[in-house]
Amino acid sequence: MEHGDGMPEGVPRRAGSHRRPGRRRLLGWIAAPVAAAAVGGGELARRALAAPAAPPPASAAPSAGPAGASAGHAHAAPAPAEPSPSPVDLTGRRWSDAAGWGGAVPGSKSAVRIADRVLLDVDAAVGSLLVEPGGSLVFAPGRSVALASAGSVEVRGTLVLAPADGSVHALRFPSVDERSFRGGGMTVVEGDTGLWVTGSGYLRLDGAAKTAWVRAAAALKAGAIELQLAEPPTGWQPGDELAVTPTGPPDEDDFSTRYDLCTIRRIDGRTVTLTAPLAHAHPRVAVGGGVTAGAEVLNLTRSVRIEGTPRGRTHVHLTSSRRADVRHAALRWVGPRKAGKETWNGTPVTEPVLGRYGLHFHMLGDASRGTAVEGVVVRDAGSHAFVPHASHGITFRSCISHDTWEDAYWWDGPTDTRTPQEPSDDIAYESCVASRTVYEPVPRGYRLTGFSLGAGTGGTARDCVAVGVQGAAGASGYEWPETSEGVWTFERCLAHNNLQNGIFVWLNARHHHTVDRFVAYHNGGWGIEHGAYLNDFDYTSGVLYGNAAGGVAVHALGRDKGTVFDGMLIDAAGQSDCAVATAKHQLAGTTVTIGRSRLTGYRKAGVAFRAAPDGEPDDIAVLDCSFGGNEVWLDPQSPPPTRIVLRRAGERQAVRLEPGAGKPQWNAAAAPVAVDGPPRAVSTPSIRLADAAAPTRRLPV
């Protein structure tokens, strides 16, 4: 954790310093005293905007410490969902004009400082770059241009990459040495090469808008050269790189890693022709509840690119008091790692560098409110992809994390299980994808997740997808972690083909939580693994299909009102012995209710009661459910339950189950018992999952 002033021990802090890319290099500062030269005509004239806005008042600046982002304090109302972009000036002098640099254009070993307005009109390379307050560097919109920097780029003024359609803007860091990274800090750290937006700096990334992902309209066969999509995508072009997600059942080898990476040769409406055939089959899966899911086809190409290299990963770090605009950009080879202290099977294990993530909003408090991150791809990342750490009011819409180490969507966890996590309020994940999330080493990937639903209020996760998350016990597509309780609106999210679970809850909750219309299919563990000890959750109208361990594992009992699974369709699809199973309960609590649900496709019993002998006994009510075979099974090793009540759908009388031989198929005796409330009909879920990512748009000009 980065507490106080954010600086780790042993790292000197020099406010306002601009670091150079190497101790022994002789780099001269290249000033920019020449008056701005007018650049006019065509696209530039059409896109010309006003001069940069003045920095916000001091009251808008974030606190340097955790207190400025603590939960429960009064904060400003959220900004409008689509605030106006900050204005940008496109009338700067040209980078290629040697006169503007005092006679010589900077080169690859130059430490460049920009204090006026500069338009990047040619490919360029520098040793490092500082954009001073009041200065700006704008990539020429009508040209494809790239800037390579050996050292960090720090933005205290304005940096804009916003190419016209058909052009590409790239910021590259080709010389990153991950061994030099220190991590931590609230200011630029020497050797931690990346893009830093500090002070009142303004970052605008705004590539061509395109549909982030679309589902396949039909099963995709190995060897196929064409993809039929459920909707015609916007903005897809020949040459774009696609990732096709795995969808096969968990009893197949490599079910969670069968991705296809492919390239578009031609596109015509909903038909995509590839440059090479698919290596794997990607079946379309009828999971029930109105859901038939095809593979997600993720477009990984954007016309704004920030890149390290496969052996030298960079990062983007924002501590600015001004709201950033980050849209339709691809961040590749980001998230550096360093040598850890452990080995695995004799091989050194690496670990992430603290604070050096793909896209990191660092302790901005309310200054980040109104930020929209749209259509952004973070791929080939050695650490977390999207991190709104103690930063409020950020919407992530139609973003993609693909091939990421560590939890993909995340913010800093607590230092231990007794310390609360710093909250990030009003965070929204809309139509976002966590795809192929991994850990080093894989067997140590406990609790790895695509989306960590952390502390704060007003969080939203809607229409998101978690697929291909690897990891060990407790790994999942979505996690509610302990000591990090957030209040989330969670609707219509999907988890499939994850190595372990769809959802993993390990929370002793103070609040009531609702999970609405969740779909989990073909995961290698449970559709939902629900712990820790005591909490109150409502799972409503969800569909759990073909998960290898079963539909639901119940560790936790209720805290106050109890946990309820209502109107669920749990179809084991022949993959597991039971649809629902109880596990060890650490503490005695209130009743968990499974109501109005349909349980089918299992091999032995709809609900298996397996509370461990050294734990607390079961307290479960199974009411008004239909079954596709034997209803229940009491494990003979379990302690006598506190209460197990069963009322089958269509029956008025409930029975209480106790260990005994009354019903051999249940391994239980049954006696009539009264329950509150009259019988209710089974409720069949009806879910409409989106066939494509939510639309995004470019900023107005």
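**Cysteines, cores and a pocket**

Colleague: Why is C464 called buried?

Modeller: The relative accessible area of C464 is 1%, and the word buried is used under 20%, exposed over 50% and partly exposed in between (1.4 Å probe, protein chains only), so C464 counts as buried. This is a predicted model, in which local features need pLDDT of at least 70 and side-chain atom pairs count only at pLDDT 80 or more, while totals for chains, interfaces and linings use all residues. Residues are numbered from 1 along each chain as its sequence is written, and side-chain values use heavy atoms, with hydrogens and water left out.

Colleague: How do you know whether C464 is bonded to or free of C493?

Modeller: A disulfide requires two cysteine sulfur atoms within 2.5 Å, and the closest cysteine sulfur to that of C464, in C493, lies 4.6 Å away, which is too far for a bond. The search of the whole structure likewise gives zero disulfides.

Colleague: What makes a group of residues the largest nonpolar core, and which of them have the most contacts inside it?

Modeller: A nonpolar core joins buried Ala, Val, Leu, Ile, Met, Phe, Trp, Tyr and Cys residues through side-chain atoms within 4.5 Å, and the largest such set has 108 residues, with W95, L137, L195, Y478, W480 and F518 having the most contacts inside it. Strand β55 (residues 619-627) gives the largest share of this core, four residues, where a strand is a DSSP run (E, at least two residues) numbered from the N terminus. A second, separate core has 25 residues, including W213, L300, V519 and Y521.

Colleague: Why does W480 count as buried, and what does W480 touch?

Modeller: The relative accessibility of W480 is 2%, so W480 meets the cut-off given above and counts as buried. W480 lies in strand β39 (residues 476-480), and, leaving out residues up to four places away in sequence, W480 is in contact (heavy atoms within 4.5 Å) with residues including L453, W488, F504, W506 and F537. L507 is 27 residues from W480 in sequence, yet the two are 6.4 Å apart in space, C-alpha to C-alpha.

Colleague: How do you know whether I528 is buried or exposed?

Modeller: With a relative accessible area of 0%, I528 is buried. This residue, I528, belongs to strand β45 (residues 526-531), and beyond its neighbours within four places in sequence I528 is in contact with, among others, I503, F518, V552 and M568. I528 and V552 are 24 residues apart in sequence but 4.8 Å apart in space, C-alpha to C-alpha.
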